[in-house]
Each structure stands twice: as C-alpha cells, then as structure tokens.
Amino acid sequence: MPRHPKKPRRLVVDGRAYLWTLRHSHRVLDSGLSADCRQTLTLYPQPVGTGGPLRIVFAQAPSRYVPGGFPMGSGDVGYVQGGSLNLHEPGAVRALLDAASARGWQLGERRAVEVDGWLLLETAAAARAEDAGPAGS
C-alpha cells in the first residue's frame, strides 16, 4: 500500500526525531493558470513541545523553478542553471535541515520559524552531491 502523500514522514538526525511535510501552494489566475507557486517544507521537532516548527519556503521567481507536477517532479525545486533538490527525498530534507542549522536556526526555538529556502539551496545541493560521491562508487 502506498504512503498517503499528506501524512507526515519521520526523519531522525543525531538521535533527534522530526516529522516533516511538504506542501505545494499557488493561486489560480482567471485564465486557469497557476501563479506564485511555493513549496513549503515543514519540520516539526519531536516530541511535541521541544521546539517550534521550521518552515523552509521555496517561492517561484525568475531563474528558479517550483513546479507542481508534470513535466517535472512535484517535489523538485532549483535554479534554471544551478543546484536543485527533490524535497520528497529524506536526504534532501536532512541537507536543508543541516544548512538551516549552520545559518543559525536552533532546535529549541519555541516559535515557528520561516526560512527562505533559496538561501539554503546551493549548500544543501552541494552536500547531497558530496553524499552521492563519484559515479559508480
């Protein structure tokens, strides 16, 4: 049975658990086309009450892509000429969490924190590429 797409997934980093969700949002123009697409990755520290959620937001902008599906994957975000990530992959989520922590996000923060994902993308994409290692290894 496939996983329900809206059910939070679990990520464990250094013994600390997080639940995470990915949501796509946009507004619909009178023409029926989508505009202002956003992917929002939200991590919830566990157990509940040990910290506020971290929201990493990727908003559509020139030279950046935030598709909602066909012809690209629903979780793909990236620069037209540059780094990209698939936000459905736990390794990408981990890389973004690490990048947010390196930029000052602290686990014990009690309130929700929203971060511009584009500030984290290149660092996280480089970490993912490094984790993948040389082709064929």
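**Exercise 1. Packing of two helices**

Which hand, left-handed or right-handed, does the crossing of α1 and α2 have? Describe the geometry of the pair and the residues in contact in this predicted model.

*Solution.* Two packed helices are described by the angle between their axes and the distance between the axes. Begin, then, with these two values. Helix α1 spans residues 90-102 and helix α2 spans residues 118-132; their axes come within 8 Å and cross at roughly 130°. An angle over 145 degrees would count as roughly antiparallel and one of 65 to 115 as roughly perpendicular, so α1 is oblique to α2. The crossing of α1 and α2 is right-handed.

Next, list the contact residues. From α1 come G91, A92, A95, L96, A99 and A100, and these meet L120, T123, A124, A127 and R128 of α2. Sorted by character, the residues of this contact comprise 8 nonpolar, 2 polar and 1 charged.

**Exercise 2. The sheet β5-β6-β7**

In what order do the strands of this open sheet stand, and is the pairing parallel or antiparallel? Identify the edge strands and locate α2 relative to the sheet.

*Solution.* The open sheet has 3 strands in the order β5-β6-β7, with antiparallel pairing. Strands β5 (64-65) and β7 (84-86) each have a single partner strand and therefore stand at the edges, one side of each being left without a neighbour in the sheet.

Now examine one pairing. Strand β6, residues 76-79, is joined to β7 by 3 bridges, and the two strands run antiparallel. Within this pairing, V77 is positioned opposite L85 of β7.

Finally, place the helix. Helix α2 lies across β5, β6 and β7 and runs at about 100° to β6.

**Exercise 3. The β1-β2 hairpin**

How many residues lie between β1 and β2 in their hairpin?

*Solution.* Strand β1 (residues 9-13) and strand β2 (residues 16-28) run antiparallel and are joined by 5 bridges. In β1, V12 stands opposite A17 of β2. The hairpin has 2 residues between its strands, and D14 in the turn has a positive phi of about 50°.

**Exercise 4. A salt bridge between strands**

Which residue forms a salt bridge with R38, and why does the pair tie together parts that are apart in sequence?

*Solution.* The whole structure contains 4 salt bridges. In one of them R38 pairs with E114, with the closest N and O atoms 4.0 Å apart. Because R38 belongs to strand β3 (residues 34-45) and E114 to strand β8 (residues 113-116), the pair ties together parts that are 76 residues apart in sequence.

How values were computed
Residues are numbered from 1 along each chain as its sequence is written. This is a predicted model: local features need pLDDT of at least 70, side-chain atom pairs count only at pLDDT 80 or more; totals for chains, interfaces and linings use all residues. Side-chain values use heavy atoms; hydrogens and water are left out. Axes are lines fitted to C-alpha atoms, for helices over the stretch in contact, and angles run from 0 to 180 degrees between N-to-C directions. Helices (H or I, at least four residues) and strands (E, at least two) are DSSP runs, numbered from the N terminus. Angles under 35 degrees count as roughly parallel, over 145 as roughly antiparallel, 65 to 115 as roughly perpendicular and the rest as oblique. A crossing is left-handed if the near helix is turned anticlockwise from the far one by less than a right angle, and right-handed if clockwise. Contact means heavy atoms within 4.5 Å. Ala, Val, Leu, Ile, Met, Phe, Trp, Tyr, Cys and Pro count as nonpolar, Asp, Glu, Lys and Arg as charged, and the others, Gly among them, as polar. Two strands pair if DSSP finds at least two bridges between them. A salt bridge is a side-chain nitrogen of Lys or Arg within 4 Å of a carboxyl oxygen of Asp or Glu.
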